[in-house]
Amino acid sequence: MEDALIMARLQFAFTVMFHYLFPQLTMGLALLIVILKGMALWKKNERYNLSARFWAKIFAVNFAMGVVTGIPLEFQFGTNWAKFSVFAGGVIGQTLAMEGVFAFFLESSFLGLFLFGEKKLGQVGHFLAAFMVFLGSWLSGFLIIATNAWMQHPVAYQVAADGSVELTSFWGLLFNPWVGWQYTHTMLGSVITAAFVMSAVGAYYLLANRDLEYGKIFLRLGVIAGLIASVLAAFPTGDGQGKNVAQHQPATLAAMEGLFETKEGAELILIGQPDMENLKIDNPIHIPRLLSFLTYNRWMAEVKGLDAFPRENWPDNIPLLYYSYHIMVGLGTIFIAVMATAVYLLWRSQLFSTRWLLWILMLSFPFPYIANTTGWMTAELGRQPWLVYGLMRTTEGLSPMISAGNSLFTLIGFMGMYMILGLLFLFLVLREVFHGPAHSGSSGQ
Amino acid sequence: MEIFWFIAVGFMLTMYVILDGFDLGAGIIHLLAAKSDNQRRTILNAIGPVWDGNEVWLLAAGGTLYFAFPKLYASSFSGFYLPLIIVLWLLMLRAVGIEFRHHLRHPLWKSFWDVTFSVASLLLTIFFGVALGNVVRGVPLNAEGYFFEPLWTTFTVVPEAGILDWFTVLMGLVALFTLTTHGANFVAMKTESDLQTRSRTIARISTYGVLITSILAVIATSSIRPGIWENYTKYPWGFIFPLVGLSGLAGMFLYRRKSNDTAAFLSSCAFIAGMAASTAFGLFPNLLPASTKSEYSLTIYNTAAGDYGLGVGLVWWSVGMILAAAYFIYLFYSFRGKIKLPAEGEGY
């Protein structure tokens, strides 16, 4: 049973982490493409249309990857987590089914029109098609976040006679107090990824001295969107999300921050390694009292440490949770610094000739992917040992009849399949980037 | 309430088989009917703008099943573990086969994705038929409502049968011939010249396959699950569903002979809808019959979600379906008529 649990968790972790490499670009890029199409309509400049077409090609490959890697997740709720589905299906079935019925139909129908119907639809119609794709992908994101928010902070339910949960309020589920910050924070994370990717391609064109006009469009949009999203991701959304965790999952907060002992005026640890044998942080660099202030807006407020909670309710992988959280926050801070510098230089009309910063922008596109991934690891590892916080432990959610051997078989299959898909994806996207936007031609019939 | 959701999920699955059925069928005949690169691109451009939306019917049906009958979702998905994951891999390969082919003009690249697309379409179709066969035959549910089936045991219909036995394989063949015909009818309707001629030939031959395998399947079903006729004797109006299926099949023969491709395609739609509704009518109220003890069977009553949730769902599901219908009508209207092959580098 223990082995089967580890296999099922590894398989879900692997497939969901790989999956989320794609939707984060899809959702962010959908917004940036709508902006490019809007600029084309407003400025009547064909370059913006060619830019939108160029990004639409990358969007299409990325979208396809998101779709094919997303299906296994919904399947796994049934295949590997049957008991969880029996328990929670009466509530989260709502949001998952709504995602299919509303978001997927919207996205898939309008994506076909957006990619192949530019000539048929005309420019305004094409802008609207892009907008509908954006709407569909962000709606999809909302319904998934609402599902996850319920697992983080279950509301609007009652326990039925057979022990499973039933929905009691539809709007209560959709407007779970957890949803607001988590949704905005996650969406901003995806805009950061798209902004960094767009800036990286722009910086590459400028450094390689080719497609200069497009490079400048990409950089201008990329760094401005990147700065706005990075700042908003930290405050107010990141801050609000942190306060949610402090209020509803205090053991998680203690584990994330590496706070082993309850204290007044708790310090904020910047760097250090959790030592689980001696329950302390090795080699800490910290700022005194800042954690108390960030959590409760009072310098001397008491923050509960891990010692305030029974050990069986501690997250089961505290070092990984701690590192995930610190990597996310550290990278987020660096994003603000990089994008603020870039926007300042853009304002001073020096960005396009500042080669050292263009190098940084070109090379930094992988980091938002890492930040988004570690952010989700913080949320999911932080929820442990619960599958549904306070209601169902992860150990209780497993399918009863699936052996570890069968799960390992499919996990290995996914790894092989995803390695090939990942290589193909990189190959096709890099090809488009090297091909360049000037030759995007007209798309569709 | 449960009955409504039984019909709703059945409707969505039927829409899936009709819509994705024609692009799966187009995939099956892809290598046989289309001989040149231009012809293969014609097939891909015929399904290109719609295949993804068609497949969403499967996801939305799955989501609705999870929402309305969570216990069934949990039991069947964990029980059919291996075949479902294999279906996932095939869905992925098929999707990238369609979407990645046109990115590179090298003939080897194109051939590779053509074969991937076609083989994945063929295997998926057979697997979907096998899945239906498993539901009709029943599975070894235990008292908690769980089961696990290996891929195969002895290929005979015994209580400890695997996913594949002679009956489910027969159902796989029914699906194969049905969707081959359906897809060939679609390609014939959307294309011209010798691609159309070859598609018509395939459709004509394959329609006979549909007839033969369907007769065998009806006989086999009656022998291993005689209970499937109970609802029909109780409520004879149910015979309207097999009747729709039969007239669809008659139409498939008649209009194929007249080379009226659109009518033949609509006939194969009617055949699929009629047969799906007939099966659902025979199974009702069972969702997954048990081959162990009949009281272990999963029905719409012992797997449904709470009443409040199902009631709320009624509202948003209806709104969602109206919207989806509007998108699909607009989408199919936008891409109506024969395919004009776009220049190389554009479209698929």
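Reader: Where in chain B is the place of B:Met1?

Author: The model discussed here is predicted, and its chain B has a helix 1 that spans residues 2-33. B:Met1 is therefore not part of that run, since helices are taken as DSSP runs, and its place is in the segment before helix 1 of chain B.

Reader: Which element of chain B gives the largest share of the nonpolar patch?

Author: The surface patch is made by B:Met1, B:Phe4, B:Leu314, B:Val315, B:Val319 and B:Leu323, and its area is about 470 Å². Four residues of the patch come from one element, residues 307-334 of chain B, and this largest share belongs to helix 13.

Reader: How much area is buried between chain A and chain B?

Author: The contact involves 71 residues of chain A and 65 residues of chain B. In chain A, the residues that lose the most area to chain B are A:Phe75, A:Phe105 and A:Phe116, which together account for 12% of what that side buries. Carbon and sulfur atoms give 76% of the area buried between the two chains, and that area is about 6,000 Å².

Reader: Which residue of chain B forms a salt bridge with A:Asp162?

Author: Between chain A and chain B the count is one salt bridge, whereas the structure holds 21 over all chains. In the pair that includes A:Asp162, the closest N and O atoms are 3.1 Å apart, and because that lies within the 4 Å cut-off the pair counts as a salt bridge. The partner of A:Asp162 is B:Lys71.

Reader: Which helix of chain A gives the most residues to the side that touches chain B?

Author: Besides the salt bridge, 13 residue pairs are in polar contact between chain A and chain B, counted with both residues at pLDDT 80 or more. On the side of chain A that touches chain B, at least two residues each are supplied by helix 3 (46-79), helix 4 (82-116), helix 5 (118-152), strand 2 (165-167) and helix 14 (404-435). By class, that side has seven charged, 25 polar and 39 nonpolar residues. The most, 25 residues, is given by helix 4.

Reader: Which helix of chain A holds both A:Asp239 and A:Lys243?

Author: A:Asp239 forms a salt bridge with A:Lys243, with 3.1 Å between the closest N and O atoms. The two are four residues apart, about one turn of the helix, and both lie within residues 212-248 of chain A, that is, in helix 8.

Reader: Where in chain A does A:Pro385 lie?

Author: A cis peptide bond joins A:Phe235 to A:Pro236, with omega near 10°, and A:Pro236 is found in helix 8 of chain A. The bond from A:Gln384 to A:Pro385 is also cis, with omega near 5°. A:Pro385 lies in the loop between helix 13 (366-383) and strand 7 (386-388) of chain A.

Reader: What is phi of A:Lys44 near?

Author: The place of A:Lys44 is in the loop between helix 2 (23-43) and helix 3 of chain A. Its phi is positive, in a residue other than glycine, and the value is near 50°.

Note on methods. Residues are numbered from 1 along each chain as its sequence is written. Chains are lettered from A and ligands numbered from 1 in the order in which they are written. This is a predicted model: local features need pLDDT of at least 70, side-chain atom pairs count only at pLDDT 80 or more; totals for chains, interfaces and linings use all residues. Side-chain values use heavy atoms; hydrogens and water are left out. Contact means heavy atoms within 4.5 Å. Buried area is the accessible area (1.4 Å probe) that two parts lose on being put together, summed over both. A salt bridge is a side-chain nitrogen of Lys or Arg within 4 Å of a carboxyl oxygen of Asp or Glu. A polar contact is a pair of N or O atoms within 3.5 Å; within protein, one must be able to donate a hydrogen and the other to accept it, and residues adjacent in sequence count only if both atoms are side-chain atoms. Ala, Val, Leu, Ile, Met, Phe, Trp, Tyr, Cys and Pro count as nonpolar, Asp, Glu, Lys and Arg as charged, and the others, Gly among them, as polar. Patches are made of residues with over 30% relative accessible area and no salt bridge: like charges are joined within 9 Å, nonpolar side chains (Val, Leu, Ile, Met, Phe, Trp, Tyr) within 5 Å. Accessible areas come from the Shrake-Rupley method with a 1.4 Å probe; for residues, only the protein chains shown count as cover.
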